[in-house]
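Here's a quick walk through one chain, going from its overall shape down to a few side chains. Have a look at the model first, and then we'll get into the details.

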Amino acid sequence: MTMTWNDSVPIYRQLQQRVVAMILDGALNEGDPLPSVRQVAADFQINPLTVSKAYQELVDEQLVEKRRGLGMFVIEGAREALLKSERERFLREEWPVLFARLQRLGLDLKTLLREAGTDKEEKS
């Protein structure tokens with residue numbers, strides 16, 4: 001896990017978001033342990049309480065569970081729950097802004113796909 005900190009967002013929130021991204025990307029799967037609080041604190045030279053706060057946020061969101069004496073583990077269904085909530089958030093918050101910008105620029109789906117190179121196979 002590599003991190004570059006953004007000064008405008010609390011470190012615990014950035015760490016929590018990074019773990020969420022790792023679950024969504026499949027780097028952490030259901031049942032996988034999270035790195036220990038001590039290890040993360042040492043790796044990033046941050047206070048262990050900051051790591052604990054980030055992990056507690058994940059527990060509160062029911063994405064990970066504490067196993068006494070063993071650590072934190074990704075719970076079953078965490079990725080699906082995240083996909084659902086992140087899709088809803090994208091459609092509610094990000095898509096309207098993105099769609100408005102695409103319209104202002106006169107871009108449509110076909111143009112975007114062509115420029116991204118995803119329909120090159122259709123041309124062959």
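## Ground rules

Helices here are DSSP runs of H or I at least four residues long, while strands are E runs of at least two, and both are numbered from the N terminus. One thing to keep in mind throughout is that this is a predicted model.

## A pair one turn apart

Let's put that definition to work in helix α4, which covers residues 78-105. Glutamate 93 and arginine 89 both sit in this helix, four residues apart, so about one helical turn separates them. The two form a salt bridge, with 3.6 Å between the closest N and O atoms. Neither one is hidden away: glutamate 93 is partly exposed at 42% relative accessibility, and arginine 89 is partly exposed at 26%.

Arginine 89 has another partner as well. Glutamate 94 bridges to arginine 89 too, with the closest N and O atoms 2.7 Å apart, and glutamate 94 is partly exposed with a relative accessible area of 35%. Zoom out a little and you find a whole network of salt bridges linking Glu86, Arg89, Arg92, Glu93 and Glu94.

## The overall layout

How many helices and strands does the chain have? There are six helices and two strands, and reading along the sequence gives the order α-α-α-β-β-α-α-α. In space, the C-alpha atoms fill a box of roughly 55 × 30 × 25 Å along the principal axes.

The radius of gyration is 19 Å, whereas a compact globule of 124 residues would come in near 14 Å. Of the 124 residues, 26% count as buried. The accessible surface adds up to about 9,000 Å², and carbon and sulfur atoms account for 51% of that. Among contacts with a separation of 6 or more, 48% are between residues 24 or more positions apart.

## The annotated stretch

UniProt, in an unreviewed entry, lists residues 9-77 as "domain: HTH gntR-type". In the model, that span is 52% helix and 12% strand, and its end C-alpha atoms lie 28 Å apart.

## The hairpin

Strand β1 (residues 64-67) and strand β2 (residues 71-74) run antiparallel, joined by four bridges. Lysine 66 stands opposite methionine 72 in β2. In a regular strand, side chains alternate between the two faces of the sheet.

The hairpin has three residues between its strands, and glycine 69 takes a positive phi near 80 degrees there.

## Helix α1 and its partners

Which residue forms a salt bridge with arginine 13? That would be glutamate 57, with the closest N and O atoms 3.1 Å apart. Arginine 13 belongs to helix α1 (residues 11-25) and glutamate 57 to helix α3 (residues 48-60), so this bridge ties together parts that are 44 residues apart in sequence. Arginine 13 itself is partly exposed, at 27% relative accessibility. In total, the chain has six salt bridges.

Glutamine 16 is also in helix α1. Is glutamine 16 buried or exposed? With a relative accessible area of 5%, glutamine 16 is buried, since the cut-off for buried is under 20%. Setting aside residues up to four places away in sequence, glutamine 16 touches Ala54, Glu57, Leu58 and Glu61. Glu57 therefore turns up twice: as a contact of glutamine 16 and as the salt-bridge partner of arginine 13, tying α1 to α3.

Valine 19 is another α1 residue, and it is buried too, with a relative accessible area of 1%. Apart from residues up to four places away, valine 19 touches Leu28, Leu34, Tyr55 and Leu58. Leu58 is thus on the contact lists of both glutamine 16 and valine 19. As for glutamine 45, its C-alpha is 17 Å from that of valine 19, and the two are 26 residues apart in sequence.

## After α4

Past helix α4, leucine 107 lies in the loop that leads to α5 (109-116). Leucine 107 is partly exposed, at 33% relative accessibility. Leaving aside neighbours within four places in sequence, leucine 107 is in contact with Leu102 and Leu112.

Methods: Residues are numbered from 1 along each chain as its sequence is written. This is a predicted model: local features need pLDDT of at least 70, side-chain atom pairs count only at pLDDT 80 or more; totals for chains, interfaces and linings use all residues. Side-chain values use heavy atoms; hydrogens and water are left out. UniProt positions are given in the numbering used here, feature names are shortened, and annotations may be inferred rather than shown by experiment. A salt bridge is a side-chain nitrogen of Lys or Arg within 4 Å of a carboxyl oxygen of Asp or Glu. Buried means under 20% relative accessible area, exposed over 50%, partly exposed in between (1.4 Å probe, protein chains only). Two strands pair if DSSP finds at least two bridges between them. The radius of gyration is taken over C-alpha atoms; the globule rule is 2.2 Å times the number of residues to the power 0.38. Contact means heavy atoms within 4.5 Å. Accessible areas come from the Shrake-Rupley method with a 1.4 Å probe; for residues, only the protein chains shown count as cover.
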